[in-house]
Amino acid sequence: MTAVEMTLAPAPSIDLPTQPRSRARHLRSLLLGLVLPVGLGAAWELAVHLGWSDGRLVPPPSVIFATLWELARTGELWTHTQATVLRVAAGFALGVVAGTLVGAIAGYSSLSRRVLDPTLQALRSIPSIAWVPLFILWFGIFEASKVALIAVGVFFPVYLGVMGAILSVDRKIVEVGRAFRLSGPALVRRILLPAVLPSYIVSLRSGLGLGWMFVVAAELLGASEGLGYLLMDGQQLGKPAQIVAAIVAFAIIGKTTDWLIEVATAPLLRWQDAYGQQAGEA
Amino acid sequence: MLALDQVGKTYPNGVNALERFSASIKPGEIIAVIGGSGCGKSTLLRAIAGLDRASRGTITLDGDIITAPHPKIGIIFQEPRLLPWLSVADNVAFGLDGLSKQERTARVTEALKRVGLADKAGVWPRELSGGQAQRVAIARALVPRPEVLLLDEPFSALDAFTRRDLQDHLLDLWADSRPTLILVTHDVDEAVVLADRIVVMRPRPGRLFEEIPVFLSRPRDRASALFEDLKRRVLTSLDQSLDRAVPDRQDKPVSGEAMWW
């Protein structure tokens with residue numbers, strides 16, 4: 001309860017005359033983004049507090065935080081998070097490697113693109129859940145089938161991103177490489193790779209997003225640990241707070257990993273002459 | 001010595017872009033190639049650069065037949081075509097792979113100083129103006145010390161003032177090591193101010209129409225009567241090159257040529 005009430009308290013007035021304006025503006029946009037979720041949470045908390053609702057099916061923030069805290073205290077949260085993160089990490093790694101390789105081959109050679117792309121596009125349109133029975137038959141009910149499902153989810157956005165990025169590299173820039181007599185591998189390393197990097201990173205991020213989606217699908221369909229298992233367990237035992245707690249954990253970890261990619265790759269993209277970046281620099 | 005012998009190019013779509021173009025160009029000579037659209041001037045330049053292969057005929061530089069980009073031939077495009085992920089200095093150093101690090105740094109520093117951008121070494125290309133970016137492209141093409149430098153309408157995207165400035169600048173840089181310059185342009189002023197020899201081409205198919213030698217000493221005064229005369233001469237030649245009734249001036253009656261075709 002305290003956590004919510006602390007955020008409820010009027011934010012300390014922004015009194016930063018010595019700070020550069022960008023810092024203050026950054027802080028303001030951050031606070032603006034928090035208005036809606038914090039406001040809704042506080043309103044619901046109040047409604048339950050005043051007895052307008054019993055909050056049994058939709059637990060108020062305080063109960064959710066208490067549940068999270070309880071899960072964290074017993075170490076359960078850690079076990080489940082670790083299981084899920086490891087699955088996503090393995091599936092993401094596999095999917096990224098495969099997607100990058102196949103995407104690069106399909107982007108580089110038009111013959112392999114004509115051979116590979118139609119099949120891959122057809123496979124891409126299969127709903128993820130449809131793979132589950134097959135993967136369980138192939139890889140068993142333990143980790144392998146889950147990791148495979150996540151890898152499939154990550155593969156397609158990365159594949160599409162890499163192929164599309166290579167196809168859209170400016171022919172004129174490639175010609176500069178040719179004029180300076182770069183060999184095939186040097187052309188890839190010095191021209192193609194840097195040129196595709198921005199869209200590659202975007203595809204990594206959307207791949208990771210799908211990875212988080214697919215891990216839930218995998219864990220809902222039979223797991224003894226993992227955040228998805230917490231969801232299922234919450235449903236079967238009638239503990240909505242635990243479900244929402246697991247959802248919150250998903251949101252936090254998903255956002256954090258996405259942010260990690262963004263931060264880790266930002267130095268590689270400083271050269272970009274993009275609208276978004278200028279806004280960031282201002 | 002750059003020699004072009006009966007060079008022709010037909011594109012896969014059947015367009016005959018260049019027909020029986022022959023020329024021999026002495027080291028240090030400055031040639032301006034001028035002509036209406038579709039006269040094959042860019043095709044010619046790309047063939048010399050080794051970016052496209054000629055369908056017929058041969059191009060040789062000091063005895064080497066050119067079929068792919070050659071280390072002694074540099075090219076400057078219409079756009080700067082800098083690599084946006086490399087700093088200005090790294091862009092200039094792009095073609096200097098075989099050299100030691102000190103040698104590379106020394107050459108890049110010197111080149112940037114020569115084009116007046118020493119203070120821009122560390123910035124990204126996006127921070128340069130159009131004229132500055134093209135100067136970096138000139139520096140990039142010159143640091144490997146090419147014997148032949150090809151320029152494909154290099155200043156056509158710039159405003160008149162910057163263009164003039166860069167034309168003078170190019171002559172300055174040329175004087176350092178005196179490479180052969182082959183400049184494709186559609187600007188008569190530019191051709192007369194820079195070239196020793198102006199090659200006028202005519203379209204459909206692209207071929208040589210006339211060669212006009214320029215006997216003006218440098219630096220050339222753009223306002224002088226001689227300059228104006230020469231400009232008029234080039235303009236008249238250009239007009240005639242587009243008039244189908246006028247026969248090619250340089251159609252030498254070579255016996256073998258008819259048989260070859």
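In which sense do strand β6 (residues 73-76) of chain B and β7(B) pair, and over how many bridges? They pair in the parallel sense, over 4 bridges. Keep in mind while browsing these views that the model is predicted.

**View 1. Strand β7(B) and its partner β6(B).** Here we look at the pairing from the opening question, with β6(B) covering residues 73-76. To find your way along the pair, start at Gly74(B): its bridge partner in β7(B) is Leu149(B). Leu149(B) is a handy landmark, and it turns up again in the next view.

**View 2. β7(B) meets β8(B).** On to strand β8 (residues 180-185) of chain B, which pairs with β7(B) in the parallel sense over 5 bridges. Leu149(B) is back, this time standing opposite Leu181(B) in β8(B). What links up with these two strands to make a right-handed β-α-β unit? That would be helix α5 (residues 160-177) of chain B.

**View 3. β7(B), covered on both faces.** Now for the surroundings of this strand, residues 148-152 of chain B. Since 5 of its 5 residues are buried, β7(B) is largely enclosed by the rest of the structure. In a regular strand, side chains alternate between the two faces of the sheet. On one side of β7(B) sit Val148(B), Leu150(B) and Asp152(B), and on the other Leu149(B) and Leu151(B), every one of them buried.

**View 4. The β1(B)-β2(B) hairpin.** Strands β1 (residues 2-10) and β2 (residues 16-25) of chain B run antiparallel and are joined by 6 bridges. One spot to look for is Val7(B), which stands opposite Phe21(B) in β2(B). The two strands form a hairpin with 5 residues between them. In the turn you can pick out Gly14(B), which has a positive phi of about 95°.

**View 5. β1(B) pairs with β4(B) too.** Follow β1(B) again and you'll meet β4(B): the two run antiparallel, with 5 bridges joining them. Leu4(B) is a good place to stop, as its bridge partner in β4(B) is Ile59(B).

**View 6. Arg56(B) and its polar contacts.** This residue lies in strand β4 (residues 56-61) of chain B. Is Arg56(B) buried or exposed? Its relative accessible area is 17%, so Arg56(B) counts as buried, the cut-off being under 20%. Its side chain makes a polar contact with the side chain of Asn16(B), at 3.1 Å. A polar atom of the Arg56(B) side chain also lies 3.4 Å from the backbone oxygen of Leu18(B).

**View 7. Gly206(B) and its neighbours.** Look for this glycine in the loop between β9 (197-202) and β10 (207-213) of chain B. Gly206(B) counts as buried because its relative accessibility is 0%. Setting aside neighbours within four places in sequence, its contacts include Asn16(B) and Leu18(B), along with Gly38(B), Cys39(B) and Gly40(B). How many residues apart in sequence are Gly206(B) and Glu153(B)? They are 53 residues apart, with 17 Å between them in space, C-alpha to C-alpha.

**View 8. A look at chain A.** Chain A has 12 helices and 0 strands. Of its 282 residues, 39% count as buried. Its accessible surface comes to about 16500 Å², with 70% of that belonging to carbon and sulfur atoms. Among contacts between residues at least 6 apart in sequence, 70% join residues at least 24 apart.

Conventions. Residues are numbered from 1 along each chain as its sequence is written. Chains are lettered from A and ligands numbered from 1 in the order in which they are written. This is a predicted model: local features need pLDDT of at least 70, side-chain atom pairs count only at pLDDT 80 or more; totals for chains, interfaces and linings use all residues. Side-chain values use heavy atoms; hydrogens and water are left out. Buried means under 20% relative accessible area, exposed over 50%, partly exposed in between (1.4 Å probe, protein chains only). Contact means heavy atoms within 4.5 Å. Accessible areas come from the Shrake-Rupley method with a 1.4 Å probe; for residues, only the protein chains shown count as cover. Two strands pair if DSSP finds at least two bridges between them. A crossover is right-handed if, with the strands pointing away from the viewer, the path from the first strand over the helix to the second runs clockwise. A polar contact is a pair of N or O atoms within 3.5 Å; within protein, one must be able to donate a hydrogen and the other to accept it, and residues adjacent in sequence count only if both atoms are side-chain atoms.
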